[in-house]
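This briefing covers charged side-chain pairs and how exposed their residues are. The sequence and model come first.

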Amino acid sequence: MKKLILLVALIFLVAAACKEKKPVEFTRLGYYTPYQSYMENLKGKVKSVSETNYWAIPEGETYNKGAAITAAELDSLTYTGNFVATFDESGDIVSCKWLDENDKILSKWEISKENNLMSRADYMENDTARAYHDLRCDAEGNIIEIEVYNAPTDTMTSRVVIDRSLKGDTVFFRQFRYNGEPGNTTMNLYDINGNYLGYKSYDREGNYRSGSELTYHEDGTISGIKFFDKDGNIVAENKFSTRLDEMGNPQTTLCKDKKGFAIFTERVYTYFE
């Protein structure tokens, strides 16, 4: 139900993961999960969340849940797959595992902490280490720098420096190559409630490269998302309708893709006491 985000894109989407430590009012589903490109604020102290994708079969004006979508089918659609994410009691992501239709682990992120702050994220595919991120936070717990490494060679491939607007509604990600040469800049945009509104990406000369735009229903769930190319053309568009559980978190979601098909997802949550 969501467009696939490549590994290299993650460096622009996780930097708000370290945050000022305070009592958890919500758990952020986003960093190092399939939702890093349109993050959700889940209500309560979520311990884990799993999501499974099914075909949505039209029946009149409604849709019914069809067969489970295989990992190969999701890959051919360039959609992210089934996953299970776990969190600690501070609300920080601990791990996220991408699963096939038989619950076999295809890839995973594992995040470690020092002094109650995220310090490193390790990425594996098929039980093989592929990459890791070294995270540096400021005194308030905000990530201010990410160093991206190739795990097999243990060499740095890029670095990202993060700045925030005074109002907190914009986060700037400035990418540099391993040799310090500047690269692209990405802006993440948020509303006054902290809802993610989308991103805008620019090359080193300041030319617009791509972007996204999110809209929300009155209940706070995502109603739609659009992705744009360098000319501002819409290259992908999804519409969402969601049923919430007793905690007020998405339980089932119907995603209608502009290409003409629909996907139905189900979630299962566990919570800390």
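Arg 174 has a relative accessible area of 32% and is therefore partly exposed. This is a predicted model. Arg 174 pairs with Asp 163 in a salt bridge, at 2.6 Å from N to O. A search of the whole structure gives 19 salt bridges; those described below are among them.

**Arg 174 and Asp 163**
- Arg 174 sits in strand β12 (residues 170-177) and Asp 163 in strand β11 (residues 155-164), so the salt bridge ties together parts that are eleven residues apart in sequence.
- Asp 163 is also partly exposed, because its relative accessible area of 34% falls between the 20% and 50% limits.

**Lys 45 and Glu 89**
- The side chains of Lys 45 and Glu 89 form a salt bridge, with an N to O distance of 3.6 Å.
- This pair links distant parts of the chain, with the two positions 44 residues apart in sequence numbering.
- Lys 45 belongs to the loop between β2 (40-43) and β3 (46-59), and Glu 89 to the loop between β5 (82-87) and β6 (93-99).
- Lys 45 is partly exposed at a relative accessible area of 30%, and Glu 89 is partly exposed at 48%.

**Arg 177 and its network**
- Arg 177 makes a salt bridge with Glu 181, and their closest N and O atoms are 3.4 Å apart.
- A network of salt bridges links Arg 177 and Glu 181 with Arg 204 and Glu 205.
- Relative accessibility is 41% for Arg 177, which counts as partly exposed.
- Glu 181 likewise counts as partly exposed, at 29%.

Definitions and conventions
Residues numbered from 1 in each chain as written. Predicted model: local features only at pLDDT ≥ 70, side-chain atom pairs only at ≥ 80, totals over all residues. Heavy atoms only, no water. Salt bridge = Lys/Arg side-chain N within 4 Å of Asp/Glu carboxyl O. Helix = DSSP H or I, 4+ residues; strand = E, 2+ residues; numbered from the N terminus. Buried < 20%, exposed > 50% of the residue type's maximum accessible area, 1.4 Å probe, protein only.
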